[in-house]
Amino acid sequence: MVIEPEDFVEFVKTRRSVRAMSPEPIPREHLDAIVESGLYAPSGSNQQPWHFAVVTNRDLINKIKNAAAARVAEIKARISSASAAKSFDGYLQYITFFDNSSALICCFVEPYRALLERLLSRYAPELSVSTRENASIQSVAAAIENILLAAHAFGYAGCWMTGPLVAKQEIEALVKPAGNWELLAMIALGHRDKNKGETHAPARRRRDEVVSYFT
Ligand SMILES: Cc1cc2nc3c(=O)[nH]c(=O)nc-3n(C[C@H](O)[C@H](O)[C@H](O)COP(=O)(O)O)c2cc1C
């Protein structure tokens with residue numbers, strides 16, 4: 001398979017967070033292929049510290065949405081400043097929009113101690129650096145981006161979400177696998193709602209603002 005590099009870069013640039021979705025099912029073989037692409041992400045020491053709970057059951061998606069909405073309402077009730085409440089209102093849709101998704105991928109991380117951290121803490125504690133969380137979180141984040149790009153390749157709407165984790169404990173109680181797993185993020189996948197759709201592409205910082213070369 002040959003993909004022209006320019007085409008690949010262009011493809012990456014056209015991925016968007018799409019929140020306006022309609023919830024017809026996504027065929028299981030598409031879901032399998034999309035999630036499997038996550039498993040090919042790099043991971044620290046090849047630990048692959050991830051688990052993906054793919055939720056297509058509508059009752060369960062609604063329960064997760066309701067848990068996030070209930071927590072949002074609880075938080076809102078405590079905000080006494082009108083202007084802060086208004087800003088919070090603007091943010092709400094980003095936490096609870098996902099009830100129209102066809103699938104919710106709950107992404108779990110297994111915190112692990114990188115080899116470097118284990119060696120340092122044993123032999124040179126004074127030189128210890130904490131790499132544990134960074135390495136495992138970065139690994140799962142790499143998998144999430146693979147999944148989003150694969151969903152984009154299939155033409156599905158997708159959005160990375162951490163907002164609903166306001167109800168992390170409640171969501172974990174519904175879908176956490178057995179073991180030392182922690183919910184890190186969720187991915188909403190669905191069919192693009194052509195009637196609503198995102199209206200603008202979020203601006204990007206210019207390359208010369210955020211990239212420096214040392215030559
Ligand atoms: C770690 C992370 C958390 C995010 N959480 C949310 C979220 O809770 N809700 C949401 O609607 N979008 C969320 N997003 C999507 C961002 O808003 C989006 O990526 C950003 O605005 C850039 O837009 P684009 O993805 O279309 O390029 C999240 C993205 C990342 C990487």
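**Ligand shell and cavity, term by term**

The residues of the shell around the ligand divide into seven nonpolar, three polar and four charged. This is a predicted model, in which local features need pLDDT of at least 70 and side-chain atom pairs count only at pLDDT 80 or more, while totals for chains, interfaces and linings use all residues. Residues are numbered from 1 along each chain, and side-chain values use heavy atoms, leaving out hydrogens and water.

User: What makes a residue part of the 14 around the ligand?
Analyst: One of its heavy atoms has to lie within 4 Å of the ligand. Among the 14 residues, S17, R19, Y94, G163 and R204 come nearest.

User: Why is the pair between R204 and the ligand called a polar contact?
Analyst: A polar contact is a pair of N or O atoms within 3.5 Å. A polar side-chain atom of R204 lies 2.8 Å from an oxygen atom of the ligand, so the pair qualifies.

User: And what makes the pair with W160 count?
Analyst: Here a backbone N or O atom of W160 lies 3.0 Å from a nitrogen atom of the ligand, so this pair also meets the cut-off.

User: Why is the space lined by R15, R16, L148, A151, H152, Y156, G158 and R192 called a cavity?
Analyst: Because on a 1 Å grid over the protein atoms alone, a cavity is a set of points where a 1.4 Å probe fits but cannot get out; lining residues have an atom within 4 Å of a point. The largest cavity has a volume of about 50 Å³, the space filled by probe spheres set on the points.

Technical notes
A polar contact is a pair of N or O atoms within 3.5 Å; within protein, one must be able to donate a hydrogen and the other to accept it, and residues adjacent in sequence count only if both atoms are side-chain atoms. Ala, Val, Leu, Ile, Met, Phe, Trp, Tyr, Cys and Pro count as nonpolar, Asp, Glu, Lys and Arg as charged, and the others, Gly among them, as polar. On a 1 Å grid over the protein atoms alone, a cavity is a set of points where a 1.4 Å probe fits but cannot get out, and a pocket is an open set with protein on both sides within 12 Å along at least five of seven lines; lining residues have an atom within 4 Å of a point.
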